[in-house]
Amino acid sequence: MSSNDEVLVAGVDSSTQSTKVMVCNARTGAVVRSGRAEHPDATEVDPAQWWSAFQTASGGLLDGVTAIGVAGQQHGMVTLDEGREVVRPALLWNDTRSATAAAELTSELGGPQAWAEAVGSVPVASFTVTKLRWMAEHEPGLADRVARVLLPHDWLTWRLTGGDPVTDRGDASGTGYFSPAKGVYRTDILSQAFGGRGPELPRVLGPAEPAGHTPDGRLVSAGTGDNMAAALALELGAGDVVVSLGTSGTVFGVCDTPVADPTGTVAGFADATGRFLPLACTLNAARVLTAAARMLGVELAELDRLALSAAPGADGLTLLPYLDGERTPNLPDVTGSLFGLSRANMTPENVARAAVEGMLCGLAAGLDAVREHGITVGRVLLIGGAAQSASVRAIAPSVFGVPVVVPEPAEHVAIGAARQAAWALAGTVEPPVWQGRDAALVLGEPSADEALRGTETRRRHLDARALVHDL
C-alpha cells in the first residue's frame, strides 16, 4: 500500500432480509464496491445461510481489503454445543413465540422497574433472554446441549476469525442479560431464564478493540448491532435523532448517560462508541407500505401518488398498522385495525394516505418517548428503504413536527461496520471522520398549518391505540 488513500476496509450488514457488503476507503469512507445476497424470509434461520450469503455478497470484493467489521440484526439467538456446532436454527428478533416468556420473566425479576434498573430495558419477545426461556421450556433436550449463546453478528465475527467468540457492548445490550450502565453480564438473569443452565457468553470488547484476524491476515473489528452501526455511519451528534424505516421501524439518538425506562417503550441500549443509544422500535415499518400497495393492487409509486392525492388526515381514516403484531406498544398478538370508515372516505387515496400516516405516527410516538428520556430532537434523520418514498418524505415533517433530512441513500449499517473496521485498524481514540454526515436532502421544517394538521393526525392515532389497548 503506497498511501493511506488506498487502504480499504469492508463493512458487513447481516440483516433480517439480506447480507450487504460495502468496501470503503478507510480515510474518507467513500464506497469503492459493494455486493448483496438475500436471506430466507423466515423468523428462524440456520446461521450457515448467513455465512453462505456473506460469501456470495463478498465474492470478488475483498481484494486489497485490510480490515472487516460485521453488523448484525439485534437480539437473534444463536446456540452452539461443546463442539461449536449450531444446536438449532437461530430465532430472530421478529419471532414472537417467546411473548409469554417475556411476561413471565418480567414478573419473576420483580417487574418492569427491576428490569430497567438491571439491564436498561424491559424484555419483550424480541430479546434474546426471552428466546432462551422459550427454548428451556419447549426444547429442554436441545437446551441441555447448549454450551454457548451468541448473537448473529457474534457468530459471523467468530466464523471470520476462528478464535474465541466475542461481542461488543452495543449488541450485548439488546440481550436482556447485559447491563449497559455497568458494562457487565447479568449471568444470574441468564441462568434464571435458561432453567438454571449457564452457557458461556462472548467476551465484550471495547469500541475500537479488534476481535482478531481472518486466516489470510485481515483484521476483524468487534462488530456491533445494526442500529449501533447506523448511528456510527451517520456520526450522530446532539439533537440528531434517527428514524429508520426498514423491516422494523426504529427511533434512536446518542447520549452520555444510561437510560432505564420502566414502561419498556425505550430500550436503554449502548452504542458502538462507548456512549448510550436509547431506542424505540416498532415491528411494522416499510412492510406497511408494501402491504397497502398489494391490497390496493398497485405498485409503490402509485401508492405514493394515491397518498399524496388525499387530504392530510385521510378524511378521518386511521390505520393502526400492527400487521405483524407490535413491539412498541408491546402487543405481540394484536392485529392491524382501520378506524373511522365511512362511505365517503372509503377510497384508495385515503387508504393509501392512512397507511403512510399510520406507519409514521407509530414512529412519532417513539420520538415522544425518547424525548422523555433526555434526548433532544432537533432534527430527524430519515433513513431506510421507505425513506425513499415520495409520500413518506412529503408527510413526515408534519407528523414528526420537526425538521427532517434524508441522508444520501446508502447502506448505513454496512458503512457503520466499515467505519468501525477503519477505527480498529487505526487504533485511535476516536473513530475516523468520514464524509457522510453532510450529504443530505433537507425536507425542511413543517409550517404552522402543517404542524397543526400533523398534531391532529397523531392525536387520532393515539386515540385508536388507546382503544386497542382497552380491548
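In this predicted model, the charged end of Arg197 is placed over the ring of Phe194, at 5.4 Å from the ring centre. A second arrangement of this kind involves Arg97, whose charged end sits over the ring of Trp134, 4.8 Å from its centre.

Aromatic rings also meet one another. A pair of such rings is described by how far apart the centres lie and by the angle of the planes. The count comes to six aromatic pairs. One of these pairs is formed by Trp50 and Trp155, which meet edge-to-face with 6.3 Å from centre to centre and 70° between the planes. Trp50 belongs to helix 1 (residues 47-58) and Trp155 to helix 6 (residues 152-161), so this contact ties together parts that lie 105 residues apart in sequence. Both Trp50 and Trp155 are buried. Tyr177 and Tyr185 make a tilted pair, with 6.3 Å centre to centre and 35° between the planes. Tyr177 counts as buried because its relative accessibility is 2%, under the 20% cut-off. Tyr185, with a relative accessible area of 21%, is partly exposed. Returning to the tryptophans, ring pairs link Trp50, Trp155 and Trp158 into a cluster.

We can now turn to the β-structure. An open sheet is built from seven strands in the order 18-19-17-16-22-23-24, and its pairing is mixed. Strand 18 (267-270) and strand 24 (440-444) stand at the edges with a single partner strand each, so one side of each has no neighbour in the sheet. From one strand to the next, the twist averages 25°. Strands of a sheet pair through backbone hydrogen bonds, in either a parallel or an antiparallel way, and both kinds of pairing are found in this mixed sheet.

The walk through the sheet can start at the edge strand 18. In a regular strand, side chains alternate between the two faces of the sheet. On strand 18, Ala267 and Phe269 point one way while Gly268 and Ala270 point the other way, and all of them are buried. Strand 18 runs antiparallel to strand 19, and four bridges join the two. Within this pairing, Phe269 stands opposite Leu277 of strand 19. The hairpin of strands 18 and 19 has five residues between the strands, and there Gly274 takes a positive phi near 110°. Strand 19 (residues 276-282) is also joined to strand 17 (residues 249-252) by four bridges, and these two strands run antiparallel. Here Val251 faces its opposite number, Ala280 in strand 19.

Further along, the pairing around strand 22 (residues 379-383) is parallel on both sides. What joins strand 16 to strand 22? Strand 16 (residues 240-245) is connected to strand 22 by five bridges, with Val242 standing opposite Leu381. Strand 22 is linked to strand 23 (residues 404-407) by two bridges. Leu381 has a partner here too, as this residue stands opposite Val405 in strand 23. Is strand 22 mostly covered or mostly open? Strand 22 is mostly covered, with four of its five residues buried. Finally, strand 22 and strand 23 belong, together with helix 13 (residues 390-400), to a right-handed β-α-β unit.

Terms used:
Residues numbered from 1 in each chain as written. Predicted model: local features only at pLDDT ≥ 70, side-chain atom pairs only at ≥ 80, totals over all residues. Heavy atoms only, no water. Buried < 20%, exposed > 50% of the residue type's maximum accessible area, 1.4 Å probe, protein only. Pairing = 2+ DSSP bridges. Right-handed = clockwise from strand over helix to strand, strands pointing away. Phe/Tyr/Trp six-rings, centres within 6.5 Å; stacked < 30°, edge-to-face > 60°. Lys NZ or Arg CZ within 6 Å of the ring centre and 35° of its normal. Axes fitted to C-alpha atoms, helices over the stretch in contact; angles between N-to-C directions.
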